[in-house]
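Student: Please take one strand of this model and examine it closely, together with its surroundings. I would like a connected account that goes from the strand to its partners, and from there to the rest of the chain.

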Amino acid sequence: MINRLLVWSPVSVVSLIARVCSSVGWDPDIGVFQQSQSWAFTFGRACHLTLLPHTVPSPTSPATLEKPVLSLHPPWTTIFKGERVTLRCDGYHPLLLELRPISTLWYLGHVLLPSHKKSIEVQAPGVYRCQTRGAPVSDPIHLSVSNDWLILQVPYAAVFEGEPLVMRCRGWYDKVVYKLHYYHDGQAVRYFHSSTNYTVLQARASDSGHYQCSGTMRIPVESAPMFSSKVAVTVQELFQTPVLRTLSPQEARGRVVLRCETRLHPQKRDTPLQFAFYKYSRPVRRFDWGAEYTVPEPEVEELESYWCEAATTTRSVRKRSPWLQLPGRGSVLDLASTTAPAPQAAALAPGDKPLSFRKTPVSRSVPSVTSVPNSTFTGLQFPAGHVPTAGPHACVPLPTSTDLSREALQPKVDLLLREMQLLKGLLSRVVLGLKDPQALRELTETPETPNSLTVNPITPETTVVESQEDS
């Protein structure tokens with residue numbers, strides 16, 4: 001008997017103790033007995049101290065375990081009364097030497113459900129959560145049960161920027177819906193002849209809001225239009241708006257290095273991003289994996305003219321940073337106005353004209369600019385004592401054709417007004433002659449008539465010649 005015990009392996013001994021402990025009701029999840037007898041506490045401590053040190057070690061500390069992922073199948077948060085859906089809890093499940101492992105806990109609201117399986121079927125409305133051993137509680141899933149003729153079904157999972165947003169307007173137990181309309185915040189956004197899903201290919205933050213659908217069904221004849229309940233949809237931000245910063249001299253090793261910084265959503269930490277850098281509207285480095293850009297030595301004095309852009313590899317989501325703000329001073333671009341305009345996209349349409357920037361001539365000083373009050377070319381004028389000593393050159397708008405030709409067009413406009421006045425007087429006399437010829441003759445016999453109106457048949461031709469000469 002003793003020889004047999006000596007050849008037993010430690011695993012066999014632990015397995016035997018596990019059988020004894022589990023047979024008397026020891027709960028390995030909490031390390032105590034489910035019974036209330038006094039002897040259970042003493043024997044439970046022995047099971048707890050014997051079995052827990054022999055559990056299979058976890059590759060991840062329980063304090064750093066991520067919350068499990070709760071999924072819904074089919075993936076709709078609203079169902080009809082009497083239907084069932086499947087909930088699945090995916091997370092870390094440690095291997096324990098026990099006969100009755102409890103690896104998953106399920107909650108409906110604050111009530112603990114009796115099932116400990118990895119997936120369960122439910123049909124009751126409410127807020128569901130799950131939890132695996134040593135991990136936090138999962139994110140909730142809100143399940144709604146409707147008794148209406150028409151429901152709008154939206155995905156249970158969060159929809160992020162750039163991802164497709166799919167909605168389904170469903171009739172009672174899959175009856176076909178005709179004359180189908182989808183609404184976003186009370187405005188009709190799409191119409192279909194019969195049951196069809198509404199899909200936003202690349203969701204944006206502006207797609208968030210309350211959605212609703214309406215339609216008719218043949219039960220057995222076509223019914224009046226029916227409306228579903230409104231459902232709230234929120235499009236999550238994939239990553240924050242980037243910010244352009246300069247590295248410290250220690251990090252840059254004597255160079256001037258810009259870094260485009262942003263932060264991904266915790267659920268999308270593995271999403272790859274690319275970065276591009278611009279000087280004014282000109283790209284100095286197109287999209288690449290690196291988030292840093294080394295500024296050439298000749299352009300170091302124009303750092304405030306830089307900005308960056310972050311985007312996904314498919315360019316479904318693109319976000320632009322503000323202009324670079326150096327520590328201790330604002331951007332020169334903000335001196336002309338209190339609000340700096342957002343940088344425009346680098347890729348312009350074929351018919352658009354690029355934004356022009358003109359450097360202030362070196363030979364012109366600030367007093368010379370402010371001493372020309374009647375100049376037709378208006379540039380950026382800085383008050384005395386506030387002229388910037390560093391940063392990009394001031395942005396000077398180019399003169400337009402309207403400013404250059406305003407004085408040349410003024411005489412032509414005056415001549416046109418005089419001709420219109422003469423034409424008005426002539427037309428008034430023609431109308432008077434048609435209504436009362438006698439009054440027209442009396443008016444033309446007055447001595448003031450030659451001086452009041454002189455109609456020269458050659459005047460139009462003379463006017464045309466003058467206009468051609470002016471042009």
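Tutor: A residue is called buried here when its relative accessible area is under 20%, and exposed when that area is over 50%. By this criterion, buried residues make up 29% of the 471 residues in the chain. The model is a predicted one, and its chain has nine helices and 27 strands. The part I propose to examine is strand β23, which spans residues 273-279.

Strand β23 is mostly covered, as seven of its seven residues are buried. How are they distributed over the two faces? In a regular strand, side chains alternate between the two faces of the sheet. In β23, one side carries Leu273, Phe275, Phe277 and Lys279, the other Gln274, Ala276 and Tyr278, and both sides are covered. The buried set thus includes the charged residue Lys279 as well as Gln274 and Tyr278.

Which strands pair with β23? Seven bridges join β23 to strand β26 (residues 306-312), and the two run antiparallel. Within this pairing, leucine 273 has threonine 312 of β26 as its bridge partner. Strand β24 (residues 282-288) is also antiparallel to β23 and is joined to it by four bridges. Here phenylalanine 275 is matched with aspartate 288 of β24. Strands β23 and β24 form a hairpin with two residues between the strands, and in that hairpin tyrosine 280 takes a positive phi near 55 degrees.

On the β26 side, one residue ties several of these threads together. Glutamate 309 lies in strand β26. Its relative accessible area is 0%, under the 20% limit, and therefore glutamate 309 counts as buried. What does its side chain meet there? A polar contact of 2.8 Å joins the side chain of glutamate 309 to that of tyrosine 278, a residue already named among the buried positions of β23. Leaving aside residues up to four places away in sequence, glutamate 309 touches Gln274, Phe275, Ala276 and Tyr278, among others. Its list of contacts also includes Phe287, Arg318, Lys319 and Arg320. A further entry in that list, Cys260, leads from the paired strands to a covalent link.

Cysteine 260 is joined to cysteine 308 by a disulfide, with an S to S distance of 2.1 Å. The torsion about the S-S bond is 70 degrees, and the link of cysteine 260 and cysteine 308 is right-handed. This pair links distant parts of the chain, since cysteine 260 lies in strand β22 (residues 257-261) and cysteine 308 in strand β26, 48 residues apart. Are these two cysteines buried or exposed? Cysteine 260 has 3% relative accessibility, which is under 20%, and is therefore buried. Cysteine 308 has 0% and so is buried by the same criterion. Strand β26 thus holds cysteine 308 of the disulfide as well as glutamate 309, and is joined to β23 by seven bridges.

How many disulfides does the whole structure hold? A search finds three. In one of them, cysteine 89 and cysteine 130 have their sulfur atoms 2.1 Å apart. With 75 degrees about the S-S bond, this link of cysteine 89 and cysteine 130 is right-handed. The pair connects strand β5 (residues 85-90), which holds cysteine 89, to strand β9 (residues 126-132), which holds cysteine 130, across 41 residues. Both cysteine 89 and cysteine 130 are buried. Another disulfide is formed by cysteine 169 and cysteine 213, with sulfur atoms 2.1 Å apart. It is right-handed, with 70 degrees about the S-S bond of cysteine 169 and cysteine 213. Cysteine 169 belongs to strand β13 (residues 165-171) and cysteine 213 to strand β17 (residues 209-216), distant parts of the chain that lie 44 residues apart. Cysteine 169 and cysteine 213 are each buried.

Links across the sequence also appear in the contacts of the chain. Among contacts with a separation of 6 or more, residues 24 or more positions apart account for 57%.

To return to the strand itself: β23 has both faces covered, is paired with β26 and β24, and contributes tyrosine 278 to the polar contact with glutamate 309.

Conventions
Residues numbered from 1 in each chain as written. Predicted model: local features only at pLDDT ≥ 70, side-chain atom pairs only at ≥ 80, totals over all residues. Heavy atoms only, no water. Buried < 20%, exposed > 50% of the residue type's maximum accessible area, 1.4 Å probe, protein only. Pairing = 2+ DSSP bridges. Polar contact = N/O pair within 3.5 Å; in protein donor to acceptor, adjacent residues only side chain to side chain. Contact = heavy atoms within 4.5 Å. Disulfide = S-S within 2.5 Å.
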